[in-house]
Amino acid sequence: MHVAIFTGSAFGYSPVFAEGAAALARALADQGIGIVYGGGDVGLMGVVATEALSRGGAVIGVMPGSLVDRELAHPGLTRLEIVESMHERKARMAELSEAFIALPGGTGTLEEFFEVWTWQQLGIHAKPVALYNIDGFWGPLIAAIDASVDAGFLRPAYRAALIISDNAQDLLDQLKIWKPAPQKWHEPGTARVVPLA
């Protein structure tokens, strides 16, 4: 089994983020779960890869050729796959992974998280998606997601299918028992035609 990790190329201002990232990497490696990630040796990306490798874990990096030098590709990976574009990178990471976990990060992490969560809702894949809520980092995002449910833009079943935890082992335990929500467009009686004015 491999899990895709989305996280920042920066460390963040608090050491708690690196500590949490390292704890998750150890838990994955100790349970024989491989990691698929962006391939960098910087920020939390580097922490995850280095920590997992130090425990004998398998770590696959996927990186566009144009970013190998700028993102400083990790030199010790189990395998580094060089792809043509960011689109190919994300598709390849999804293909290699059985689950997705978003750690603290910036716009790239958010974009990756929302894409695979949207794919899950549309039935493009049936794999768990999780937020690793280190030190409450994802609290504002979770509040926005809940507001979307309350306003009628996101079905409660999709919110319930999103795994959220601040504990690495609990997160992995939830991944193992996860069940998908019904696909967005495949539930009988949910389609509604709105006439044009």
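Strand β3, residues 59-64, is mostly covered in this predicted model, with 6 of its 6 residues buried. In a regular strand, side chains alternate between the two faces of the sheet. Here neither face is left open: Val59, Gly61 and Met63 are buried on one side, and Ile60, Val62 and Pro64 are buried on the other.

Now for the neighbours. β3 pairs with strand β2 (residues 34-37) in the parallel sense, over 3 bridges. Ile35 has Val59 as its bridge partner in β3. To get from β2 to β3, the chain passes through helix α2 (residues 43-54), and this β-α-β crossover is right-handed. β3 also pairs in the parallel sense with strand β4 (residues 79-83), over 5 bridges. There, Val62 has Glu81 as its bridge partner.

Glu81 brings us to the charged pairs. The whole structure has 8 salt bridges, including these:

| Pair | Closest N to O |
|---|---|
| Asp30 and Arg55 | 2.6 Å |
| Arg92 and Glu81 | 2.7 Å |
| Glu95 and Arg92 | 3.2 Å |

What does the Asp30 and Arg55 pair tie together? Asp30 sits in helix α1 (residues 15-30) and Arg55 in the loop between α2 and β3, so the pair links parts 25 residues apart in sequence. Asp30 is partly exposed at 49% relative accessibility, and Arg55 is partly exposed at 41%.

Arg92 belongs to helix α3 (residues 86-96) and Glu81 to strand β4, so their salt bridge ties together parts 11 residues apart in sequence. Glu81 is buried at 15%, while Arg92 counts as partly exposed at 23%. Glu95 is exposed at 56%; Glu95 and Arg92 both lie in α3, 3 residues apart, about one turn of the helix. Together with Arg79, the residues Glu81, Arg92 and Glu95 are linked in a salt-bridge network.

Key
Residues numbered from 1 in each chain as written. Predicted model: local features only at pLDDT ≥ 70, side-chain atom pairs only at ≥ 80, totals over all residues. Heavy atoms only, no water. Buried < 20%, exposed > 50% of the residue type's maximum accessible area, 1.4 Å probe, protein only. Helix = DSSP H or I, 4+ residues; strand = E, 2+ residues; numbered from the N terminus. Pairing = 2+ DSSP bridges. Right-handed = clockwise from strand over helix to strand, strands pointing away. Salt bridge = Lys/Arg side-chain N within 4 Å of Asp/Glu carboxyl O.
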